[in-house]
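Good morning, and thank you for coming. I would ask you to look at the sequence and the structure together while I speak.

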Amino acid sequence: KSFFKNKRSEFEEKIKTYKGPDPLIPWLDYIDWVQEYFPTGGHSMKLVELLEACTRKFLKDERYKQDIRYLRVWIGYADRC
């Protein structure tokens, strides 16, 4: 596996196994990493799909209705669609 596939697998595992009080954190870490390493849009790392999955995951979660971090995910998704 390449470095990037390994990192992607690590982030996906962190999302699946996160047990803390703020499950948005591992998603944001993953999104930030993709944007940092693939500043031209992250097509090879499927940034749009990642942003969409994050927005859907927390759509009905009341904790994030007024969370600026979640709003930024939505804006990032809308900018790329």
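Trp-74 is partly exposed, at a relative accessible area of 32%; here buried means under 20% relative accessible area, exposed over 50%, and partly exposed in between, with a 1.4 Å probe and protein chains only. Trp-74 sits in helix H4, where helices (H or I, at least four residues) are DSSP runs numbered from the N terminus. This is a predicted model, in which local features need pLDDT of at least 70 and side-chain atom pairs count only at pLDDT 80 or more, while totals for chains, interfaces and linings use all residues. Residues are numbered from 1 along each chain as its sequence is written, and side-chain values use heavy atoms, with hydrogens and water left out.

Which residues make a nonpolar surface patch with Trp-74? They are Leu-59, Ile-68, Leu-71 and Ile-75, and the patch has an area of about 440 Å². Patches are made of residues with over 30% relative accessible area and no salt bridge; nonpolar side chains (Val, Leu, Ile, Met, Phe, Trp, Tyr) are joined within 5 Å, and like charges within 9 Å. The accessible areas come from the Shrake-Rupley method with a 1.4 Å probe, and for residues only the protein chains shown count as cover.

Let us turn from the surface to the interior. In soluble globular proteins, nonpolar side chains tend to be buried together. In this model, the largest nonpolar core has 20 residues, and Leu-24 and Val-34 have the most contacts inside it. By nonpolar core I mean a set of buried Ala, Val, Leu, Ile, Met, Phe, Trp, Tyr and Cys residues joined through side-chain atoms within 4.5 Å. Helix H1 (3-17), helix H2 (24-37), helix H3 (47-57) and helix H4 (68-80) are the elements that give two or more residues to this core. H2 provides the largest share, 7 residues.

What does Leu-24 touch, leaving aside residues up to four places away in sequence? Its partners are Cys-54, Phe-58, Tyr-64, Asp-67, Arg-69 and Tyr-70, a contact being heavy atoms within 4.5 Å. Pro-23 belongs to the loop between H1 and H2. With the same sequence neighbours left out, up to four places away, Pro-23 touches Tyr-18, Phe-58, Arg-63 and Tyr-64. Pro-23 and Lys-57 are 34 residues apart in sequence, and their C-alpha atoms are 10.0 Å apart in space.

I now come to the charged side chains. The structure holds 5 salt bridges, each defined as a side-chain nitrogen of Lys or Arg within 4 Å of a carboxyl oxygen of Asp or Glu. One of them joins Lys-7 and Glu-10, at 3.8 Å from N to O. Because Lys-7 and Glu-10 are 3 residues apart in helix H1, about one helical turn separates them. Glu-10 is partly exposed, with a relative accessible area of 40%.

Another salt bridge pairs Arg-63 with Asp-61, the closest N and O atoms being 2.6 Å apart. Is Asp-61 buried or exposed? Asp-61 counts as buried because its relative accessibility is 17%, whereas Arg-63 is partly exposed at 47%. Asp-61 lies in the loop between H3 and H4. The side chains of Asp-61 and Arg-63 also make a polar contact at 2.6 Å; such a contact is a pair of N or O atoms within 3.5 Å, where within protein one must be able to donate a hydrogen and the other to accept it, and residues adjacent in sequence count only if both atoms are side-chain atoms.

Asp-67 and Arg-69, which we met as partners of Leu-24, form a salt bridge too, with the closest N and O atoms 2.7 Å apart. Asp-67 is buried, with a relative accessible area of 16%, while Arg-69 is partly exposed at 26%. Together with Asp-22, Asp-67 and Arg-69 are linked in a network of salt bridges.

Finally, I would draw attention to helix H3. Val-48 lies in helix H3 and is partly exposed, at a relative accessible area of 22%. Val-48 touches Tyr-77, Arg-80 and Cys-81, not counting residues up to four places away in sequence. Thr-17, in helix H1, is 31 residues from Val-48 in sequence and 22 Å away in space, C-alpha to C-alpha. Ala-53 is also found in helix H3, and the C-alpha atoms of Ala-53 and Cys-81 are separated by 14 Å.
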